[in-house]
Amino acid sequence: TASVRDLLDEAVVQSFTFEGKIYRLEPRILINGVPSSVDTVLKERDKITIETVQTVEQLLYSIGKEAYIEKIRPYTITINDKSHYIPTLTPELLINGVKGKVDSPIKDNDVITISSIKDPTLDMLANALNKKLDVQIEVTFQNERVKLYKECSVVKIGETLLHANDIVRHNSILVWDEINT
């Protein structure tokens, strides 16, 4: 009697490095549409399907790292009913050092890394959009250096007023009012 293992060669096992850790992945085996193991004994006329990881997204699901999928989506927000894509706030997915996407094809021994970008703050977002939250000037008043600030923008999510260090998550909907300009 033969098993699935007898039909497979060692080449079917894939190896990937994700974020510095090596993962060895066995193929998904279906016999007559039913998930099976490599040790399943085969019968005559069995239909065998071997599924291997083909894309970054499939890899991330296979190794339990699907939370990364959302992290590498393009960073977009809506400001005053207009959608904005901000490439500088989008982490880069690299496959063997070359920029890729979640649906990019991958092969055995590929090295996948994601550039780390901190959660964007309102200040980071303002800089990326060339908008000012405030302006400041330093003056001397009675022989003392004094900093004067003037607010330039009022930014809200719903009714919540945002401050420079507040995190602005992907897909946030903002109301951005420029004042005192």
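## Surroundings of Ser 15, Gln 14 and Leu 7

Ser 15 counts as buried, since its relative accessibility is 13%. The model described here is predicted. Ser 15 belongs to strand β1. Beyond its neighbours within four places in sequence, Ser 15 is in contact with Ile 22, Tyr 23 and Arg 24, and also with Asp 108, Asn 109 and Asp 110.

Gln 14 is likewise part of strand β1, which spans residues 14–18. With a relative accessible area of 10%, Gln 14 is buried. When neighbours within four places in sequence are left aside, the contacts of Gln 14 are Tyr 23, Arg 24, Leu 25, Thr 52, Val 53 and Asp 108. One polar approach involves Val 53: its backbone nitrogen lies 3.0 Å from the side chain of Gln 14. Glu 51 stands 37 residues from Gln 14 along the chain, and the C-alpha atoms of these two residues are separated by 11 Å.

Leu 7 lies in helix α1, made up of residues 4–7. Leu 7 counts as exposed because its relative accessibility of 56% is over 50%. On the surface, Leu 7 joins Ile 48 and Ile 50 in a nonpolar patch, and together these residues have about 240 Å² of accessible area.

The accessibility values are collected below.

| Residue | Relative accessibility | Class |
|---|---|---|
| Leu 7 | 56% | Leu 7: exposed |
| Gln 14 | 10% | Gln 14: buried |
| Ser 15 | 13% | Ser 15: buried |

Note on methods: Residues are numbered from 1 along each chain as its sequence is written. This is a predicted model: local features need pLDDT of at least 70, side-chain atom pairs count only at pLDDT 80 or more; totals for chains, interfaces and linings use all residues. Side-chain values use heavy atoms; hydrogens and water are left out. Patches are made of residues with over 30% relative accessible area and no salt bridge: like charges are joined within 9 Å, nonpolar side chains (Val, Leu, Ile, Met, Phe, Trp, Tyr) within 5 Å. Accessible areas come from the Shrake-Rupley method with a 1.4 Å probe; for residues, only the protein chains shown count as cover. A salt bridge is a side-chain nitrogen of Lys or Arg within 4 Å of a carboxyl oxygen of Asp or Glu. Helices (H or I, at least four residues) and strands (E, at least two) are DSSP runs, numbered from the N terminus. Buried means under 20% relative accessible area, exposed over 50%, partly exposed in between (1.4 Å probe, protein chains only). Contact means heavy atoms within 4.5 Å. A polar contact is a pair of N or O atoms within 3.5 Å; within protein, one must be able to donate a hydrogen and the other to accept it, and residues adjacent in sequence count only if both atoms are side-chain atoms.
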